[in-house]
Structure formats: structure tokens, C-alpha cells
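Biologist: I'm new to this one. Could you pick a single spot where two helices meet and walk me through it closely?

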Amino acid sequence: MTELLILPFFFGPSQALTRYLPERLAEVQANYPELAVKVAPPLVDTLLAPDLRLARLLADNVRERMTGQSKPRVVLVDHGSPIPEVTAVRNYLSGQLSALLADEVAGVTFASMERREGDAYRFNEPLLEDLLASPALAEGDVILSMLFLSPGRHAGEGGDIAEICSQAMARAPGLNVVTTRLVGENDSIVEILATRLQQALAGSPLLMALAPASPPA
């Protein structure tokens with residue numbers, strides 16, 4: 001028997017893990033019936049025991065940007081997802097981050113970079129653009145805690161996040177927005193991945209497990 005262990009580099013249960021991956025693995029197992037597959041949990045699994053390590057990583061990234069600022073406001077921003085469970089992970093992390101930063105900042109909230117049209121996707125609110133224009137954040141220092149693993153066209157230099165911040169500061173001269181480094185740029189992420197790997201090797205908990213296909217009768 002051959003075993004395949006997949007270690008997801010995702011914050012939560014995105015459709016890539018819950019839909020696309022099972023479909024592709026089923027096709028693979030049809031051709032390789034002796035293959036057994038284990039898929040480890042994502043970086044954040046709210047069904048597991050509370051784990052503050054990713055929130056601590058985010059807090060450290062925020063503190064790196066608190067140079068001389070007097071209690072800035074912090075916004076945990078992600079891309080925005082059509083899956084409520086993925087957005088719930090961001091909100092869950094926001095609560096942990098708020099507790100960790102407590103007296104160091106003026107407050108912690110969350111936002112989506114973008115969202116799909118329609119009431120069905122209102123769970124992504126507030127949008128970053130709207131939040132930065134609100135009276136509560138339109139003046140003073142704001143640190144964007146970047147819930148992104150890698151830059152790309154959204155979180156990279158000159159990307160969508162940078163453009164949103166630039167436009168917000170142009171509209172409100174009293175606003176100063178700085179961004180943290182990305183989650184994937186902090187070496188502490190490796191420790192969380194190592195834990196998920198060990199959990200999968202131990203057999204539990206798993207996001208998904210596919211046993212070898214039964215031989216035909």
C-alpha cells in the first residue's frame with residue numbers, strides 16, 4: 001500500500017480543500033486503488049483545541065510596525081471569501097489578536113479586501129475601503145495586519161491593498177496606514193505546519209482520509 005499525506009498551506013477550509021481536492025483525489029484513486037490519502041488540517045481549525053500561535057505571529061508582525069505610534073488601530077485584513085467558514089476563521093483570529101494586543105493598541109477589527117456582489121456574501125463586510133473611510137479610522141494611525149500567505153497581485157508591492165490604502169490616505173490627510181509583513185514571511189509559520197504534519201502522521205485529527213479502494217468482488 002502507498003500512502004500520500006497532504007499538508008495544506010491554507011488558513012481555513014477553503015473550497016480548494018473541501019471540494020476541489022476530494023474530487024481530484026477520487027480521480028487519482030480510481031487509477032491507483034492501492035493509494036491511501038491523508039489530508040492534514042489547515043493552519044487554523046476551530047474544532048481543535050485553541051491554538052494561539054498564528055495569532056501570536058500576527059501580533060508580532062503588528063508590533064514590528066509600532067514604531068513611535070501611540071496606540072494605533074489594527075485591522076486584520078484578508079482577501080474576502082465566498083465561504084462563510086473561511087471568513088469565520090479570520091474573525092476568530094481577530095478575536096485572539098485583540099486579546100493578545102489588548103492595552104497596546106486602540107482596538108482590533110477586521111475587513112475584507114473585496115467581496116462578491118449580493119446579500120448572500122454580506123458576511124464579508126466590512127470592506128477595507130469603506131472601513132478606512134469611516135469616522136472611527138479616518139484619522140490617526142492604522143496598522144493593517146495582513147492575513148495573506150504570499151504577495152501576488154493583492155498583497156504585494158503596488159498591489160490592490162496598497163492601492164486601497166493610498167486612495168484612503170489621499171482622501172483623509174490625517175490618516176496614516178502601514179501594513180505588516182505577510183504571514184508566510186514569518187518563520188514562525190513553520191512550527192504550525194510541523195504540528196499539523198505530526199497530527200496527520202498520528203492519524204488524528206484529519207481534514208480528510210481516503211482509504212485504499214476496495215478490490216472488486
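Modeller: Here is the whole protein in brief, then the helix pair. Keep in mind that this is a predicted model. The protein has seven helices and seven strands, and starting at the N terminus they come in the order β-α-β-α-β-α-β-α-β-α-α-β-α-β. Its C-alpha trace spans about 75 × 35 × 25 Å along the principal axes. Of the 217 residues, 41% are buried. If you take the contacts with a separation of 6 or more, 79% of them link residues 24 or more positions apart. As for the outside, the accessible surface is about 11,300 Å², and carbon and sulfur atoms hold 54% of that.

Now for the close look. The pair is helix α2, covering residues 53-64, and helix α3, covering residues 84-101. Their axes lie 9 Å apart, and the two pack at an angle of about 55°. Because that angle is neither under 35 degrees nor over 145, and also falls outside 65 to 115, α2 counts as oblique to α3. The crossing of α2 past α3 is right-handed.

So who does the touching? On the α2 side you'll find L54, A55, R56, L58, A59, V62 and R63. Facing them from α3 are L93, Q96, L97, L100 and L101. Sort this contact by class and you get nine nonpolar residues, one polar and two charged. The charged ones are R56 and R63, both on α2, while the polar one is Q96 of α3.

How values were computed
Residues numbered from 1 in each chain as written. Predicted model: local features only at pLDDT ≥ 70, side-chain atom pairs only at ≥ 80, totals over all residues. Heavy atoms only, no water. Axes fitted to C-alpha atoms, helices over the stretch in contact; angles between N-to-C directions. Helix = DSSP H or I, 4+ residues; strand = E, 2+ residues; numbered from the N terminus. Left-handed = near helix turned anticlockwise from the far one by under 90°. Contact = heavy atoms within 4.5 Å. Buried < 20%, exposed > 50% of the residue type's maximum accessible area, 1.4 Å probe, protein only. Areas by Shrake-Rupley, 256 points an atom, 1.4 Å probe, with all protein chains shown as cover.
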